[in-house]
Structures are given as structure tokens and as C-alpha cells.
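Good morning. Please have the sequence and the model open while I talk. I will go through the charged residues, then the ligand, then a few details of the backbone.

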Amino acid sequence: MKKILILNGPNLNLLGTREPAQYGYTTLADVEAFCKAHGQTIGYEVECFQSNWEGALIDRIHEASSQYKAGELLGIVINPGALTHTSIALHDAIKGVEPLPVIECHISNVHAREAFRHHSWVSPAAAGIVVGFGVDGYLIAMDGLVRKFVNSAATKKP
Ligand code: DQA
């Protein structure tokens, strides 16, 4: 079974207790469990990785490139946390593994929050962006990955 990789960046290990007004009460373990369950229903095995370290996320993206080239991986859903707004290195990592598709996902609507959250270094390198749907956004991003890169009408000749 092909895989989808769910990556979470800094502080997302605190989901469930961290600023619940922004991020809700669902824990990262819950998110990973419902992504895996959803993967089963849409025919993909789901791998999950969270790190508070930029370099660890970059290493995992490089590793994912080998999985992608081997035909084992459809793509990545990443919530880069605050690295979204700071990390050119993450941007370069995603560009560096093209055409591996990466969907950027944010639980909160970053555009309705502080100005420093309005800019993303990841967005220009992402195949799609899901913002502001709460933790359901991870599932929407998984579906988006499949719709865009497997089932898309745009990729099929009429
Ligand atoms: C976040 C939004 C970021 O601005 C913030 O730093 C996070 C979480 C979100 O999921 O809404 O850590 O990516």
C-alpha cells in the first residue's frame, strides 16, 4: 500500500493543551490516529513524524524523497508550525525534492491572526494549502493530495 507522510513541526506535540482557543483540545496522538484511520478508508498507509527541530524535519523530507522515487510515497502533508514563517531552509528542502508533492496545512486561519503569521516561506513551494479548518484540515489535505495527484480531472486526457 502506498504511503502518505504527515509531518508536524515545533510545538505541535503540545496539541490538546496548547492555546485551545486556537488549536482545540485534540491531541497530536488523536490527530495521528484519525489520519491513519482515514488513510485506511482512502487506501493509503499513513506515516507520522513530529519534531521541534528544523533539521530533523528537513532530514525526514530528504528521506521521503527516496520513498517517493521508489514509488512508495504519494506525498507529504506538513504543518510546519512557526517554521512556516521563518524557515527558508524548509522552503529549500521542499523545492529540493520536487516533484514530491507537499501540502501545507494549518489548523488555525493564520491570515486572521497576527501579521507575522501572514507570510509563509513554505507556500511558494507547496502543491496546495489548507488553512483554518481545525484539525480536520489534515484530512482535507490528505484528500486534496489524492484528488490532485491521483484522481484529478486535470491530469486525465478527455
Ligand atoms: C500553525 C500556525 C502557526 O502560525 C503556529 O506557529 C503554529 C501552528 C497552525 O496549525 O495553525 O505552531 O501552523
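A residue is called buried under 20% relative accessible area and exposed over 50%, and anything in between is partly exposed. Glu-98 has a relative accessibility of 45%, so Glu-98 counts as partly exposed. Please keep in mind that this is a predicted model.

Let me stay with Glu-98. Its salt bridge partner is Lys-95, and the closest N and O atoms of the two are 2.9 Å apart. Lys-95 is partly exposed as well, because its relative accessibility is 36%. On its other side, Glu-98 is joined to Pro-99 by a cis peptide bond, with omega about 10°. Pro-99 sits in the loop between helix 4, residues 88–96, and strand 4.

Next, salt bridges in general. Side chains of opposite charge can pair when their charged atoms come close. How many salt bridges does a search of the whole structure find? The search finds six.

One of the six pairs Arg-60 with Glu-47, at 2.4 Å from N to O. This pair links distant parts of the chain, since Arg-60 belongs to helix 3, residues 54–69, and Glu-47 to strand 2, residues 45–50, with their positions 13 residues apart. Arg-60 is buried because its relative accessible area is 8%, whereas Glu-47, at 21%, counts as partly exposed.

Glu-47 also has a polar contact of 2.8 Å with the side chain of Lys-3. Lys-3 lies in strand 1, residues 3–8. Its relative accessibility is 18%, so Lys-3 counts as buried. Apart from residues within four places in sequence, Lys-3 touches several others, including Tyr-44, Gln-67 and Leu-74.

Another salt bridge joins Glu-114 and Arg-117, with the closest N and O atoms 2.8 Å apart. Here Arg-117 is buried, because its relative accessibility is 14%, and Glu-114 is partly exposed at 34%. Elsewhere, salt bridges with shared partners connect Lys-3, Glu-47, Arg-60 and Glu-63 into one network.

Now a charged residue without such a partner. Is Glu-104 buried or exposed? Glu-104 is buried, and it has no salt bridge. The nearest side chain of opposite charge is that of Arg-117, 11 Å away. Glu-104 is part of strand 4, residues 102–106. Leaving out neighbours within four places in sequence, its contacts include Ile-78, Pro-80, Thr-84, Ser-120 and Val-130.

On to the ligand. Which residues surround the ligand? Among them are Arg-18, Tyr-23, Gly-81, His-85, Ser-108 and Arg-117. Asn-79 has a side-chain N or O atom 2.8 Å from an oxygen atom of the ligand. For His-106, a polar side-chain atom is 2.8 Å from a ligand oxygen. In the case of Ile-107, a polar backbone atom lies 2.8 Å from an oxygen atom of the ligand. Taken alone, the ligand exposes 320 Å², and the protein buries 99% of that.

Last, two residues with a positive phi. Asn-11 is not a glycine, yet its phi is near 75°. Glu-19 is not a glycine either, and its phi is about 35°. Asn-11 is in the loop between strand 1 and helix 1, residues 20–23, and Glu-19 is placed in the loop between strand 1 and helix 1. Asn-11 counts as partly exposed because its relative accessibility is 35%. Glu-19, with a relative accessible area of 43%, is partly exposed.

Key. Residues numbered from 1 in each chain as written. Predicted model: local features only at pLDDT ≥ 70, side-chain atom pairs only at ≥ 80, totals over all residues. Heavy atoms only, no water. Helix = DSSP H or I, 4+ residues; strand = E, 2+ residues; numbered from the N terminus. Buried < 20%, exposed > 50% of the residue type's maximum accessible area, 1.4 Å probe, protein only. Lys, Arg positive; Asp, Glu negative; His and termini not counted. Salt bridge = Lys/Arg side-chain N within 4 Å of Asp/Glu carboxyl O. Contact = heavy atoms within 4.5 Å. Near = heavy atom within 4 Å. Polar contact = N/O pair within 3.5 Å; in protein donor to acceptor, adjacent residues only side chain to side chain. Areas by Shrake-Rupley, 256 points an atom, 1.4 Å probe, with all protein chains shown as cover.
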